[in-house]
Amino acid sequence: MEGPRESPNAQVVLRYGICSIAVGAKDVLTAFQKEIEDKNLNNVRIKTTGCIGLCSMEPLVDVHVEGLPNVTYHHVTPEMARGIVFHHIQNRTIINEWVIPNV
Ligand code: FES
């Protein structure tokens, strides 16, 4: 079995508006930061940005991994944040069932 890549080039963009924070975005941000730091993923950047008007789907997280399509995950929890780092960022496997449906 192939192991995870050491340091993928990736960016995590957390939609960080009032409603997102109200439903747990702060804990999601902390989970991403801790996971990325603990795993020494030096080429993974975390950013926060404004909301896009999809209150009912917050917390929303855009993930850009070099060489993969950009996706947005919805209703992200700290547990899911850890899963996104492991599966999507380290093992380059998009978790399709968590991706926002076309709206
Ligand atoms: S206030 Fe909810 S998505 Fe902007």
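The legends below accompany close-up views of a predicted model.

**View 1. The four-stranded sheet and its order.** Four strands of the predicted model form an open sheet in the order β2-β1-β3-β4, and the pairing within this sheet is mixed. Strands β2 (44–49) and β4 stand at the edges, where each has a single partner strand, so one side of each is left without a neighbour in the sheet. From one strand to the next, the twist averages 20°. Strands of a sheet pair through backbone hydrogen bonds, which may be arranged in a parallel or an antiparallel way.

**View 2. Strand β3 and its pairing with β1.** Because four of the five residues of strand β3 (residues 61–65) are buried, this strand is largely enclosed by the rest of the structure, buried here meaning under 20% relative accessible area. Strand β1 (residues 10–15) pairs with β3 in the antiparallel sense over five bridges. Along this pairing, A10 stands opposite V65 in β3, and V13 stands opposite D62 in β3.

**View 3. The hairpin of β3 and β4.** Strand β4 (residues 71–73) pairs with β3 in the antiparallel sense over three bridges, and V71 in β4 is the bridge partner of V63. The two strands β3 and β4 form a hairpin with five residues between them, and in the turn G67 has a positive phi of about 90°.

**View 4. Two helices packed on the sheet.** With the sheet in the order β2-β1-β3-β4 as the reference, helix α2 (residues 25–38) packs on it and touches β1, β2 and β3, the direction of α2 making about 165° with that of β2. Helix α3 (residues 78–90) also packs on the sheet, where it touches β1, β2, β3 and β4, and the direction of α3 makes about 30° with that of β3.

**View 5. The largest nonpolar core.** This core has 25 residues, and those with the most contacts inside it are F32, V61, Y73, V76 and I89. The elements that give two or more residues to the core are β1, α2, β3, β4 and α3, and the largest share, six residues, comes from α2.

**View 6. The surroundings of V76.** When its neighbours within four places in sequence are left aside, V76 is in contact with V28, F32, P59, V61, A81 and I84. Among these partners of V76 are F32 and V61, and both F32 and V61 belong, with V76, to the residues that have the most contacts inside the largest nonpolar core.

How values were computed: Residues are numbered from 1 along each chain as its sequence is written. This is a predicted model: local features need pLDDT of at least 70, side-chain atom pairs count only at pLDDT 80 or more; totals for chains, interfaces and linings use all residues. Side-chain values use heavy atoms; hydrogens and water are left out. Buried means under 20% relative accessible area, exposed over 50%, partly exposed in between (1.4 Å probe, protein chains only). Two strands pair if DSSP finds at least two bridges between them. Axes are lines fitted to C-alpha atoms, for helices over the stretch in contact, and angles run from 0 to 180 degrees between N-to-C directions. Contact means heavy atoms within 4.5 Å. A nonpolar core is a set of buried Ala, Val, Leu, Ile, Met, Phe, Trp, Tyr and Cys residues joined through side-chain atoms within 4.5 Å.
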